[in-house]
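Trainee: Could you walk me through how to read salt bridges and burial in a model like this one?
Mentor: Gladly, let us look at it together.

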Amino acid sequence: MYLTRVLRAATAGLVAATALAAAAHTAEAADTLGSAAAGQGRYFGTAVAANHLGESDYAATLDREFTSVTPENEMKWDATEPTRGGFTFTSADQIVSHAQGRGMDVRGHTLVWHSQLPSWVSTLAAADLRAAMNDHITQLMTHWKGEIHSWDVVNEAFQDGSSGARRSSPFQDKLGDGFIEEAFRTARAADPAAELCYNDYNTDGVNAKSDAVYAMVKDFKARGVPIDCVGFQSHFNSASPVPADYQANLQRFADLGVDVQITELDIEGSGTAQAASYGTVVKACLAVSRCTGITVWGVTDKYSWRSGGTPLLFDADYAAKPAYDAVLAALGGTGGGGGGGGGAACTATYSTDAQWNDGYNGKVTITAGDSAISGWTTTVTLTAPQQVTAVWNATATWDGSGNVMTVEPSWNGSLAAGASTSFGFTVAKNGSGAVPAVGTCAAS
Ligand code: G3I
């Protein structure tokens, strides 16, 4: 890991470093999230809370499965500089030293954010606020200089909705748009080896908010403002599912010449449907060469910030969930899960059965892996304005956009090892000849 960091600093790029990390892990069985991701040249991380590190199941799961950590709250402004110039690093240091002792990378989260901001910051006038912001960045990045692989320099600076405007905050309101650029320039000077990221939510698909971030990153690259990475938080639930254009959105940012990272992934739900969405996210990252890693926002549902939605890979008893199996399978791993994960696996393949002027019948074949399975699920993503008019041999539910259907068995959930079943659907083309995309198959 140390060598990884030195190389990263020397090359100011990630290609050589990730290749090295991957090579270093080829001798290990890919039976954990971290080792399977390393086999793909990626890290697999989690948010960590310092006050849970003493819980043995928590620490054992963290240490076994993950190769990167993000302090969930401990590096935020209210935790690190509660009074002006009064810096406290104890809780964050605890996480950093836990990670370093086990060869894990650390993501820094976050330097400049409107939330969890102590009240003294918002009382400052512009010149003083500018000095306080730059001092905060410099003090934190100097304290952990050379120890943080990526920093979320600025977090959530854009408004939700269609305006594409910056969010109101003490920084925005008093310093104007230029505060983001200034924060990145200060950060580069403080720790030139760290990857500098802009991080946000509701920017996971192509929309007005992600368009605004895209325009900012494009402008930064054109003018030489130091930015290396964009973080996509990826907090999903039924009202905000994985967008159909998730991969395309990651790719368009990568094409600007920055790395992309999935920084706070969690998906509310359960069972095979949740598993299929997780598989889709992991596959999207793997399909984008500059998607350098994935961080889930917590180890266990027990301590998730939205625990009631059971959005993580391990349940409250630290048993691996179907979502864990789907992630591991998508990463090319096998088994694992500390006893909670089974050998259940399946594949889903698409073919077009019949085609006519303004429609077609699609067919998806589901095949069980080396063990018998009792359930399966996958997704089919259509390109608008295509519409599904009928589905057979399966039960389908649609996301809010109407483009993604999650498919579960109707009568054909149980399959012997290696056995297949299929389901079909009719699509009205509505002028589009696009072929549907089938997501990961998750088995139970
Ligand atoms: O530690 C105190 C505890 O002593 C006190 O009794 C309790 C009473 O409310 O609060 C505890 O602190 C809470 C802290 O989480 C630790 O659990 C704070 O109130 C609570 O506000 C804080 O929430 C965090 C949230 O950010 C704050 O905005 C979540 O843990 C954290 O997961 C969440 O993370 C954010 C990312 O930083 C940015 N993206 C969105 C993401 C989810 O909201």
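Mentor: Let us begin with burial: a residue counts as buried under 20% relative accessible area, as exposed over 50%, and as partly exposed in between. Keep in mind that this is a predicted model.

Trainee: Is R306 buried or exposed by that scale?

Mentor: R306 has a relative accessibility of 14%, so it counts as buried. Its salt-bridge partner is E268, with N and O 4.0 Å apart. E268 is at 27%, and therefore counts as partly exposed.

Trainee: Where do E268 and R306 lie in the chain?

Mentor: Both sit in loops: E268 between strand 8 (259–267) and helix 13 (271–287), R306 between strand 9 (291–296) and helix 14 (322–330). The two are 38 residues apart in sequence, so the salt bridge ties together separate parts of the chain.

Trainee: How many salt bridges does the structure hold?

Mentor: There are 18 salt bridges. One of them joins R252 and D211, whose closest N and O atoms are 2.9 Å apart. Here the pair ties helix 12 (residues 246–254), which holds R252, to helix 11 (residues 208–223), which holds D211, across 41 residues of sequence.

Trainee: How would I classify R252 and D211 by accessibility?

Mentor: Use the cut-offs again. R252, at 17% relative accessibility, counts as buried, whereas D211, at 36%, is partly exposed.

Trainee: What about R102, which residue does its side chain meet in a salt bridge?

Mentor: The partner is D63, at 2.9 Å from N to O. This pair links distant parts of the chain, 39 residues apart: R102 is in the loop between helix 6 (90–101) and strand 3 (105–112), and D63 is in helix 4 (residues 56–65). R102 has a relative accessible area of 43%, so it is partly exposed. D63 is partly exposed too, with a value of 30%.

Trainee: Which residues are joined into one network by salt bridges that share partners?

Mentor: They are E181, R185, D219 and R223.

Trainee: Can we finish with a residue outside the salt bridges, and ask what L53 is in contact with, beyond its neighbours within four places in sequence?

Mentor: Of course. L53 is in the loop between strand 1 (43–48) and helix 4, and with a relative accessible area of 12% it is buried. Leaving those sequence neighbours aside, L53 is in contact with V48, Y58, A59, L62, Q94, I95 and H98. As for G332, 279 residues away along the chain, its C-alpha atom is 29 Å from that of L53.

Conventions
Residues numbered from 1 in each chain as written. Predicted model: local features only at pLDDT ≥ 70, side-chain atom pairs only at ≥ 80, totals over all residues. Heavy atoms only, no water. Helix = DSSP H or I, 4+ residues; strand = E, 2+ residues; numbered from the N terminus. Buried < 20%, exposed > 50% of the residue type's maximum accessible area, 1.4 Å probe, protein only. Contact = heavy atoms within 4.5 Å.
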